[in-house]
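Subject: Structure handover

Hello,

Here is the structure I said I would pass on. Please look through it first; my notes on what was found follow below.

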Amino acid sequence: GISGRDLTTGALGDGIAEQCRLMFELVRAILSAAGASLSDVLKISVYLRSDQPRDDLNHEWVQAFPDPHIRPVRHVVKYDGLPEGMLIQCEFLAVVTDGPTDDQDRT
């Protein structure tokens with residue numbers, strides 16, 4: 001899972017707003033390392049502690065995916081089994097190609 005950890009220090013962010021921001025920063029870094037971007041994301045599953053509001057998640061979501069017509073699927077689960085101090089965690093599915101797909105080859 002991808003949590004709201006600082007990429008430099010490895011420390012969890014202070015509070016839900018910072019952990020959300022850092023979580024999306026890490027998603028971007030992982031995608032970039034794979035030669036991809038947020039536009040390649042198909043689905044994100046988010047695990048949010050039940051005592052945390054969705055407002056900060058929704059803010060970062062709109063920042064990451066501003067066009068509501070092409071946002072990936074999002075599934076949020078209220079989950080209290082996250083490690084101590086972790087308020088949010090996600091996993092994502094993205095499609096990254098290094099060339100044309102089979103369908104594109106045929107046209």
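A residue counts as buried under 20% relative accessible area, as exposed over 50%, and as partly exposed in between. Aspartate 40 has a relative accessible area of 24%, so it is partly exposed. Please keep in mind that this is a predicted model.

Aspartate 40

Aspartate 40 sits in the loop between H1 and E2. Leaving aside residues up to four places away in sequence, aspartate 40 touches Leu93, Ala94 and Val95. Its C-alpha atom and that of threonine 9 are 28 Å apart, and the two residues are separated by 31 residues along the chain.

The sheet

Four strands make up an open sheet, in the order E1-E4-E2-E3, and the pairing is mixed. Strand E1 (2-3) and E3 are the edge strands, each pairing on one side only.

Taking the pairs in sheet order, E1 and E4 are antiparallel and share two bridges. Within that pair, serine 3 has glutamine 89 of E4 as its bridge partner.

Strand E2 (residues 41-48) and strand E4 (residues 88-94) also run antiparallel, joined by seven bridges. Here tyrosine 47 is the residue opposite glutamine 89 in E4. Glutamine 89 is thus a point to look at twice: serine 3 is its bridge partner, and tyrosine 47 stands opposite it.

E2 and strand E3 (residues 73-78) run parallel, with six bridges between them. Two positions can be picked out in this pair: valine 46 stands opposite valine 76 in E3, and leucine 48 stands opposite lysine 78 in E3. To get from E2 to E3 the chain passes through helix H2 (residues 55-64), and this β-α-β crossover is right-handed.

Two residues in E2

Is serine 45, a residue of strand E2, buried or exposed? Its relative accessible area is 9%, and since buried means under 20%, serine 45 is buried. Its contacts, not counting residues up to four places away in sequence, are His75, Gln89, Cys90 and Glu91.

Leucine 42 is also placed in strand E2. Its relative accessibility is 44%, so leucine 42 counts as partly exposed. Together with Leu93 and Val95, Leu42 forms a nonpolar patch on the surface, and the accessible area of the three together is about 260 Å². Leu93 and Val95 have come up above, since both are among the residues that aspartate 40 touches.

Salt bridges

How many salt bridges does a search of the whole structure find? It finds three.

One of them is between aspartate 51 and arginine 49, whose side chains meet at 3.0 Å, N to O. Aspartate 51 has a relative accessibility of 48% and counts as partly exposed. Arginine 49 is partly exposed as well, with a relative accessible area of 23%.

Salt bridges that share partners also link Glu18, Arg21 and Glu25 into one network. In the bridge of glutamate 18 with arginine 21, the closest N and O atoms are 3.9 Å apart. For glutamate 25 with arginine 21, the closest N and O atoms are 3.3 Å apart.

Why are these residues about one helical turn from arginine 21? Glutamate 18 and arginine 21 are three residues apart in helix H1 (residues 15-33), so about one helical turn separates them. Glutamate 25 and arginine 21 are four residues apart in helix H1, so they too are separated by about one helical turn.

As for accessibility in this network, arginine 21 counts as partly exposed at 37%. Glutamate 18 is partly exposed, with a relative accessible area of 28%, and glutamate 25 is partly exposed, with a relative accessible area of 31%.

If you go through the model yourself, the sheet order E1-E4-E2-E3 and the network of Glu18, Arg21 and Glu25 can serve as starting points.

Regards

Note on methods. Residues numbered from 1 in each chain as written. Predicted model: local features only at pLDDT ≥ 70, side-chain atom pairs only at ≥ 80, totals over all residues. Heavy atoms only, no water. Pairing = 2+ DSSP bridges. Right-handed = clockwise from strand over helix to strand, strands pointing away. Buried < 20%, exposed > 50% of the residue type's maximum accessible area, 1.4 Å probe, protein only. Contact = heavy atoms within 4.5 Å. Patch = residues over 30% accessible without salt bridge, like charges linked within 9 Å, V, L, I, M, F, W, Y side chains within 5 Å. Areas by Shrake-Rupley, 256 points an atom, 1.4 Å probe, with all protein chains shown as cover. Salt bridge = Lys/Arg side-chain N within 4 Å of Asp/Glu carboxyl O.
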